[in-house]
Amino acid sequence: MEGRPLEERDLVEQARSGDAGAYEELVRRYQEVAFRAACLVTRDAHEAEEAAQDAFVKAFYALDRFRPGAPFRSWLLRIVTNEARNRNRSARRRARLGFRLAGARPSGDAAPSPEVTALGHETQRELMDAMTALDERDRVIIAYRYFFEMSEAEMAVALDCPPGTVKSRLSRAMRHLRTHLVAGLARPEPAPDPRPGAQRG
Amino acid sequence: MADRELVNMDDAELGELLRALGRQRSYPPTPDLAPAVHARIRARSGATRRQRAWPLAMVAAALVALLCVGALAFPGARSTVAGWLNLPGVTFFAETVGDRPVLGGALRLGEPVTLAEARERVLYPLLVPDLPWLGDPDEVYLDAEPAGGTVSFIYHAGGEIPPAETTGVGLLLSQFQGQVNPGMYGKGLPDGVELEYLEINGHVAFWISGEPHTFSYFRPDGQPVQETSRLAGNTLLWQHGGLTLRLESGLDRDQAVEIAESMR
């Protein structure tokens, strides 16, 4: 949360006074993290897009309740994940489309980072499978910390919980992740995905 | 076979791997949400501006008029005024029940049913909100009165829905056929209650906010029924076709209007 540009605060202030243009700038700035957070909850790209869009609209009308100086991204993500969860609830009778966290192949212009390459594709798949198998709330906590690199203070805002409980919730989520990794050891290796372009590596 | 080293890593090591993984683009491409969000905000801002609140003097005059309406004991006269307000089956009724109405207890909404059962049993096409952030009703109730049936949806508190003051219910949404049965439906308006005039779907609508308030309901035989046990947060009353709808919740006006406008 440290080092947030002052500009964000200005944009929020302008948006709060009804400046839709300023808000549009905020949307562009945070749409990627919002969409990705929604993906983590819905595991469906279309649902995630709808959830993120609804969340941005809702957040605009809730700006009066935003505490000046608070991390906007965290506040926004709280709304996004709520929207995504509501969508999950609405969609509970619909069939899952089977979107996996790692299901989308990186686009051509985004080469895997050296660290990931060093992990090995098998390790990467195991890790992703375990993340996918996690309870959505655990998955979001881990993603906040390690994918979005949020501080514990930011996570407390995003999770709407006291700062003191972030560490224990993260620790519990990591324990659950480990359980799924162990479970993965017992599973046979999956057959190659027949979809064009779905096979990594 | 899975990577056994992964299982044996401590949280810090595992965290580093997750961090590395997070840096890779393993999500679908992010869509550009800004144009759609911008358009929706602009559209809704226009609608909000149309929802002009009555000036204070007009509200006071309206309240006086409505209190007078409430005092009328003639069903014919009440129907006339209800028609004049263009909200069939609804009028306002002021009744002294003490300074602070008593709230709480069972909601007495009728028989619990499924959404499908409610659709089959009422004599009108049932309207349901179509809003992602609201989702499906958690509970559905059917009451035989007024004629044609009243269907009530309960949404539990949680997420964006704050709990009501006494019941823990998040949102109560009821609908009944106002035009078929001109049974009166009223609301007491004690001190601290504000009334706003809105327009929803081209019809007059009322937004009643502030202190908790009670309901007075006229049965088809003209007898008033005091209801003090229902949810009593902010209330939106509006018309949709031949139906009159009532939404009670702790939501703000814009959220309530969003729900009303989403009814399909």
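Is Glu136(A) buried or exposed? That was my opening entry, and I kept in mind that I was looking at a predicted model.

**Glu136(A)**

I found Glu136(A) in helix α7 of chain A, which covers residues 136-147. Its relative accessibility came out at 16%, and buried means under 20%, so I put Glu136(A) down as buried. Next I looked up what touches this glutamate. Setting aside neighbours within four places in sequence, I noted contacts from Glu136(A) to Leu40(A), Val41(A) and Arg85(A).

**Cysteines**

I then turned to two cysteines of chain A. Cys39(A) has a relative accessibility of 1%, so I logged it as buried. Cys161(A) has a relative accessible area of 11%, so that one went down as buried too. I also checked for disulfides and got 0 over all chains.

**Cavities**

How many cavities of 30 Å³ or more does the structure hold? I counted 2. I picked the second largest cavity for a look, and the space in it is about 40 Å³.

Which residues line the second largest cavity? From chain A, I wrote down Ala20(A), Tyr23(A), Glu24(A) and Val27(A). From chain B, I added Ala34(B), Val37(B), His38(B) and Ile41(B). The elements giving two or more residues to this lining are α2 (20-42) of chain A and α3 (34-50) of chain B. Sorted by class, the lining of the second largest cavity has 6 nonpolar residues, 1 polar and 1 charged.

Technical notes
Residues numbered from 1 in each chain as written. Chains lettered and ligands numbered in written order. Predicted model: local features only at pLDDT ≥ 70, side-chain atom pairs only at ≥ 80, totals over all residues. Heavy atoms only, no water. 1 Å grid on protein atoms, 1.4 Å probe; cavity = no way out; pocket = protein on both sides within 12 Å on 5 of 7 lines; lining within 4 Å. Points joined across faces, edges and corners; volume = space filled by probe spheres on them. Helix = DSSP H or I, 4+ residues; strand = E, 2+ residues; numbered from the N terminus. Nonpolar A, V, L, I, M, F, W, Y, C, P; charged D, E, K, R; others polar. Buried < 20%, exposed > 50% of the residue type's maximum accessible area, 1.4 Å probe, protein only. Contact = heavy atoms within 4.5 Å. Disulfide = S-S within 2.5 Å.
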